[in-house]
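Student: I would like a close look at the aromatic rings and at the helix that carries one of them, with the cut-offs stated as you go.

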Amino acid sequence: IDSEIDKDHPDLPIVEGKTFHPNTDNWYDGSDYHGTFCAGIIGARNNSAGVVGVAPDCALYALRVNQGGFGSIENIFAAMMWAKDRGLDVVSISQWNTSGANSPDEEPWPDMVRGASILNAAGCSVVGIAGNSGGFPNHWVTNPGRCPNFIAVGATQSDDTWWGSSSFGPEDLDERMAVELVAPGSNV
């Protein structure tokens with residue numbers, strides 16, 4: 001669940017795609033290839049060209065919720081329910097509040113909590129970015145990764161130290177809303 005994905009990328013065979021943004025006609029047109037980037041980290045095929053994703057044999061679905069980097073919670077929730085109806089096993093949502101969490105005790109977004117709960121009950125794991133505001137004064141884990149039933153992912157550098165842009169904390173954040181998993185994210 002992201003922005004568009006390059007439909008002609010040889011390493012990313014898309015099983016099915018759909019747009020949930022009301023101002024877009026399809027899941028692949030545009031110039032914001034953040035979705036392509038994220039899909040490659042997940043599912044780039046092991047074909048001796050370029051990189052190999054962490055799950056190179058997975059079935060990739062392209063669910064577009066953004067246009068020009070902007071979307072809405074309603075778009076994301078609609079894509080989550082589509083994923084549930086299709087019986088997907090894992091949903092990855094690399095969306096975040098670009099200004100970071102408003103406060104260290106920011107409440108989880110109710111629609112994302114509800115969507116993740118519905119997906120979890122259907123047997124689907126929901127992965128969300130912790131955020132890219134690690135260098136901001138409000139560096140805390142942001143929504144939707146902060147929501148319970150999301151696996152909040154942070155990023156490390158190649159030497160396994162924390163990547164400075166990856167959101168974290170606050171220290172007293174409930175463990176159900178904190179960073180739960182980290183993976184290489186700098187210069188990937």
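Student: To begin with one ring, is tryptophan 27 buried or exposed, and what is its relative accessible area?

Tutor: Tryptophan 27 is buried, its relative accessible area being 15%, where buried stands for under 20%, exposed for over 50% and partly exposed for what lies in between, with a 1.4 Å probe and protein chains only. The model is a predicted one, in which local features need pLDDT of at least 70 and side-chain atom pairs count only at pLDDT 80 or more, whereas totals for chains, interfaces and linings use all residues. Residues are numbered from 1 along each chain as its sequence is written, and side-chain values use heavy atoms, with hydrogens and water left out.

A pair of aromatic rings is described by the distance of the centres and the angle of the planes. Rings of Phe, Tyr and Trp (for Trp, the six-membered ring) pair if their centres lie within 6.5 Å, and planes under 30 degrees apart count as stacked, over 60 as edge-to-face and the rest as tilted. By this rule the structure holds four aromatic pairs. In one of them, the ring centres of phenylalanine 20 and tryptophan 82 are 6.4 Å apart and the planes stand at 70 degrees, so the pair is edge-to-face. This pair links distant parts of the chain, 62 residues apart, with phenylalanine 20 in the loop between β1 and α1 and tryptophan 82 in helix α2; helices (H or I, at least four residues) and strands (E, at least two) are DSSP runs, numbered from the N terminus. Phenylalanine 20 is buried at a relative accessible area of 14%, and tryptophan 82 is buried at 8%. Tryptophan 27 and tyrosine 28 form an edge-to-face pair as well, at 5.1 Å centre to centre and 85 degrees between the planes, and tyrosine 28 is partly exposed, with a relative accessible area of 26%.

Ring pairs also link Phe20, Tyr61 and Trp82 into a cluster, and Trp82 is among the buried residues of α2, which include Phe77, Met80 and Met81. These buried residues pack against β1 (14–19), β2 (60–64), β3 (90–93), α3 (110–121) and β5 (150–156), contact meaning heavy atoms within 4.5 Å. Helix α2 itself (residues 73–86) has 14 residues and reaches 20 Å from its first C-alpha to its last, close to the 20 Å expected at 1.5 Å a residue, the expected span being 1.5 Å times one less than the number of residues. Just after α2, glycine 87 takes a positive phi of about 75 degrees.
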